[in-house]
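Let's work through this model by asking how each label is earned. Each answer sets a value beside its rule.

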Amino acid sequence: MPDALTQNNRPAPEVRIDEFFSGPAARADRWRSLLGVAERWADGHDNRANFETMLAAMAATEGYHAYPGLGLMKNLQEFASEDDAHAAHSMVQRINAALATKSYRRHAGDWEMGEEADSASVEDLAATAGDAAGRPYFETLIVTGIAAERWPELSAMWRRLRRNLDAFVYEPVFVGSFEDAFCAAILNPDLAAVVIHEGFSLRSRHDAPVLRAVLATADGDVRTAASPLGLATVLNRVRPELDLYLVCNQNVEELAGDARANVARRVFYSAEELLELHLAILEGVQSRFDTPFFDNLKKYAQRPIGTFHALPIARGKSIFKSAWIRDMGEFYGPTLFLAESSATTGGLDSLLEPTGNIKRAQDMAARAFGADRVFFVTNGTSTSNKMAVQALLSPGDIVIVDRNCHKSHHYGMVLAGAQPLYVEAFPLTKYSMYGAVPLRTIKQALLNLKADGRLDRVKMIDLTNCTFDGHIYNTRRVMEECLAIKPDLIFLWDEAWFGFARFSPFLRPRTAMGAANDIEEWLRDPGSIATYEKHRAELGKSPSDETLLETRLIPDPRLVRLRVYQTNSTHKSMSALRQGSMLLVKDVEFHTVEAQFKEAVFTHASTSPNQQLIASLDVARRQMELEGYGLVENAIEVALAIRQQVARHPLISRYFSVLPADAMIPGEFRTSGFTDFLEPGMNWAKALESLRNDEFCLDPTRMTLVCGSAGFDGTQFKNMLAGKYNIQVNKTSRNSVLLQSNINNTRSDVAHLVRVLVEIASEIDQELARGSGGMRKAFESRVTSLMTDVPDLPNFSRFHDTFRFDAGDRTNEGHIREAFYSAYNASGCEYIRLSDPEIDRRLRSGPELVSANFVIPYPPGFPIMVPGQVITPETIQFMRKLDVKEIHGYDAAEGLKLVRPEVLAEPLTKATGDRAASRKAVKSGKAETVVKPAAE
Ligand SMILES: Cc1ncc(COP(=O)(O)O)c(C=O)c1O
């Protein structure tokens with residue numbers, strides 16, 4: 001069989017049904033390649049066989065999509081067998097245009113064959129496909145045992161169910177096997193519902209090695225899964241947002257009574273109730289489409305309302321009648337002002353105590369994100385974090401927390417009076433960034449607390465998932481192993497950047513809620529007790545700490561109290577307005593902290609929350625439930641395209657690189673051996689194994705682009721991209737910038753970025769070629785300095801003893817709140833400039849330098865000093881080498897703000913008041929010996 005050729009006369013890539021990581025863009029490329037072949041065939045430069053081969057290769061995956069569908073694909077085959085190159089070319093052209101513009105969703109003519117398309121009346125066509133009224137369009141997968149020859153007839157039957165009253169329009173897509181249903185669910189982002197009949201087969205007729213690897217890593221036996229219930233369970237795992245309908249011919253009551261049938265929205269007896277099924281499908285989509293708060297806000301904006309409350313901007317009269325600020329009205333349009341109100345009446349509900357449509361919107365968000373409940377937060381995840389910390393912790397509670405976490409956590413501890421026990425992430429010194437905290441470090445902290453007899457004091461583990469730079473925890477493993485040491489721990493996962501991950505089947509198990517749901521399922525499984533008992537027996541009676549550290553621990557399911565919280569900046573990865581954030585709860589003990597959460601809301605939420613922000617949270621949820629899957633798939637595809645272009649372009653790759661997984665994650669945390677998304681001959685089974693088992697893996701959408709090798713430091717490069725090329729990036733390090741793809745990106749964005757990188761790289765190239773030897777030397781030494789002369793990252797040293805009056809011997813927690821308030825005592829603080837030799841003298845011979853406040857340089861953005869922290873030579877060295885301008889908490893002209901040694905020498909009670917006094921009184925024996933004057 002001849003190789004199919006692409007436009008460039010290269011063999012067409014093989015099309016496999018299980019190309020799970022190359023979705024819509026790869027499909028679009030294939031259609032464009034087919035167009036190229038058809039064009040050349042029509043011009044006499046290519047032959048029919050190539051066209052036929054390519055078409056046949058595409059047929060397998062095209063079967064998973066409604067458009068162009070069986071009819072048009074058959075038409076194309078017929079044109080080929082009739083040797084009608086022009087007809088084939090014209091139809092491929094039409095299909096390409098319809099796919100690119102998605103016009104087939106509205107335009108019935110796109111679905112018609114050849115000349116019929118031009119001659120059919122609009123009315124004729126509306127009855128067959130597409131929707132001229134522009135109602136939202138989706139596709140419904142029908143899994144059936146009926147022979148494929150009858151699918152066109154069934155398709156027509158489904159279409160005849162359509163009514164003008166329907167709020168949405170959908171097209172059926174037919175498959176006949178478990179494997180094809182699985183692939184269709186993965187490859188077709190337009191699916192919103194699945195109807196599963198009995199009688200389908202197990203295997204696809206197409207080859208699918210990756211699919212088989214995916215299924216092999218999924219729990220359970222595929223053969224037993226290939227029943228309607230089994231398929232429903234698998235599909236629910238892959239795409240929980242899909243509505244599933246089971247249709248069976250016998251024993252419907254038995255099926256409906258099976259606990260596993262809970263994943264289905266409804267169970268039907270036979271297909272006799274086709275209209276009911278049709279209505280159920282529409283109702284299912286409607287229940288995701290509803291946005292209670294936004295819907296009501298739209299109604300509210302339509303009403304003629306006189307406002308006598310304090311928000312003059314509401315209704316916009318003060319804007320539109322103004323001679324001076326009318327341009328604001330013109331810029332934003334009247335709707336914004338009509339939708340503004342400070343009322344909580346008129347159905348607008350109150351964010352502070354929601355009982356109406358905000359509550360309903362939050363409940364729907366909980367469903368979408370796999371939580372028990374959700375709080376909408378309108379002041380960013382900075383506030384969500386502070387709310388969670390305040391609500392869950394009391395003064396004196398210990399929290400094991402990543403020192404590099406966002407400052408809202410640190411400030412939250414200050415507010416709550418909790419004691420942070422800082423744990424360190426692994427460093428990536430070469431790129432001036434930290435990774436994530438190894439599980440061993442966290443377990444060690446717990447075991448140390450246990451050894452000190454203070455395990456009861458630790459309440460929470462607080463980690464960032466994924467980190468700014470894309471390190472994703474094995475959330476399930478972290479929680480299970482920690483719960484094995486203390487079964488009632490609370491987990492706070494800051495997923496500020498990772499909210500979107502819920503909508504990728506590959507990333508979801510690594511999210512807080514994904515893992516919490518998996519753990520919950522395991523806890524419910526009666527077999528979990530036996531698994532635990534076996535594990536316990538293997539561990540022996542009193543396992544050593546080393547054994548506990550080395551072993552994958554399993555918690556006792558009878559003791560575990562699952563308490564998981566997640567915060568996410570909905571505005572960072574979904575379509576919410578800036579500051580829109582959510583706090584997700586999955587906590588069996590929530591009733592014990594509900595009142596505290598109310599207090600946290602009252603403490604932190606504005607009494608004038610922004611209506612548009614709340615509405616955008618509601619709408620972001622709707623979008624993710626209905627099209628999030630495809631959007632996230634697109635974001636991943638965009639990222640893979642960027643990674644590929646940077647690595648493979650001869651000019652770009654000379655000066656730039658995107659760090660692969662093996663540069664971002666040390667080998668000891670990547671036991672799967674996974675190295676990169678672009679590894680030649682990439683073994684996807686290994687990628688999936690990495691996602692499933694590795695301690696850390698890398699979010700493909702977060703790309704560390706090394707620019708130091710092109711002679712730019714991160715800030716310089718960031719400014720150049722923004723100033724000269726209109727490309728905005730967020731984070732930088734000494735020698736890199738962080739590129740992120742999100743649900744908003746398109747292939748045009750990739751093209752623009754690639755073009756810019758080519759331009760910059762060629763400019764460097766030309767300059768170096770034209771320049772003198774001295775100039776080339778200067779370039780090399782700049783690159784060397786940026787890439788190798790990097791300061792060591794300073795770990796957290798320790799809190800000064802004054803702030804550790806009730807601390808354990810083996811752990812580093814301290815009273816950050818008391819330390820923080822030391823800075824309020826102006827006469828108790830002093831400033832020393834970084835360049836002052838006094839700093840070096842004090843480092844050598846004391847008294848110790850103790851920071852009075854947080855010092856947070858941007859980049860890297862983590863606090864290199866927290867209040868009460870003893871400053872070490874490493875910290876000073878890092879500060880002195882730091883060449884960034886923005887350092888929060890530090891003014892170069894004034895110097896470092898330090899707590900005076902005399903103040904530190906005083907008993908803490910005098911410096912900070914009664915609360916410490918009472919604690920000291922309780923622990924007087926210890927306090928007396930620990931609080932000592934700093935050495936003079
Ligand atoms: C890990 C992390 N958590 C929380 C936040 C704060 O989120 P927001 O900007 O929504 O307040 C950020 C902000 O960059 C962050 O990086």
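Q: Which residues is Thr 475 in contact with, leaving aside its neighbours within four places in sequence?
A: They are Asn 465, Trp 493, Pro 509, Arg 510, Thr 511, Ala 512 and Ala 515, where contact means heavy atoms within 4.5 Å. Please keep in mind that this is a predicted model, in which local features need pLDDT of at least 70 and side-chain atom pairs count only at pLDDT 80 or more, while totals for chains, interfaces and linings use all residues. Residues are numbered from 1 along each chain as its sequence is written, and side-chain values use heavy atoms, with hydrogens and water left out.

Q: Why is Thr 475 called buried?
A: Buried means under 20% relative accessible area, exposed over 50%, and partly exposed in between, using a 1.4 Å probe and protein chains only. Thr 475 has a relative accessible area of 0%, so the residue counts as buried. Thr 475 is found in helix α22 (residues 475-485); helices here are DSSP runs of H or I with at least four residues, strands are E runs of at least two, and both are numbered from the N terminus.

Q: What makes the side chain of Thr 475 a polar partner of the backbone oxygen of Arg 510?
A: A polar contact is a pair of N or O atoms within 3.5 Å; within protein, one must be able to donate a hydrogen and the other to accept it, and residues adjacent in sequence count only if both atoms are side-chain atoms. The backbone oxygen of Arg 510 lies 3.2 Å from a polar atom of the Thr 475 side chain. The backbone oxygen of Thr 511 lies 3.3 Å from a polar atom of that side chain.

Q: Which residues are around the ligand?
A: Among them are Gly 380, Ser 382, His 406, Asp 494, Trp 497 and His 571; a residue is near a molecule or strand if one of its heavy atoms lies within 4 Å of it. An N or O atom in the side chain of Ser 382 is 2.6 Å from an oxygen atom of the ligand. For Asp 494, an N or O atom of the side chain is 2.6 Å from a nitrogen atom of the ligand. In the case of Trp 497, the distance from a side-chain N or O atom to a ligand oxygen is 2.8 Å.

Q: Where is Thr 570 found, and is this residue buried or exposed?
A: Thr 570 is in helix α26 (residues 570-573). Its relative accessibility is 0%, so Thr 570 counts as buried. The C-alpha atoms of Thr 570 and Trp 497 are separated by 8.3 Å, although the two residues are 73 residues apart along the chain.

Q: How do you know that Cys 697 is in no disulfide?
A: A disulfide is a pair of cysteine sulfur atoms within 2.5 Å. By this rule the count comes to 0 disulfides. For Cys 697, the nearest cysteine sulfur is that of Cys 466, 9.4 Å away. Cys 697 is buried because its relative accessibility is 5%.

Q: Why are β2 and β5 said to stand at the edges?
A: The 5 strands form an open sheet in the order β2-β1-β3-β4-β5, with parallel pairing; two strands pair if DSSP finds at least two bridges between them. β2 (169-175) and β5 (266-269) each have a single partner strand, so one side of each is left without a neighbour in the sheet.

Q: What makes β3 and β4 a pair?
A: Strand β3 (residues 191-197) and strand β4 (residues 243-248) run parallel and are joined by 5 bridges. Ile 196 stands opposite Leu 246 in β4.

Q: What makes the phi of Lys 102 worth pointing out?
A: Most residues other than glycine have a negative phi, and most peptide bonds are trans. Lys 102 is not a glycine, yet has a positive phi of about 60 degrees. Lys 102 is found in the loop between α4 (85-101) and α5 (116-119), and its relative accessible area of 42% makes it partly exposed.

Q: Which peptide bond precedes Pro 68, cis or trans?
A: The bond from Tyr 67 to Pro 68 is cis, with omega near 5 degrees. Pro 68 has its place in the loop between α2 (48-62) and α3 (69-81).
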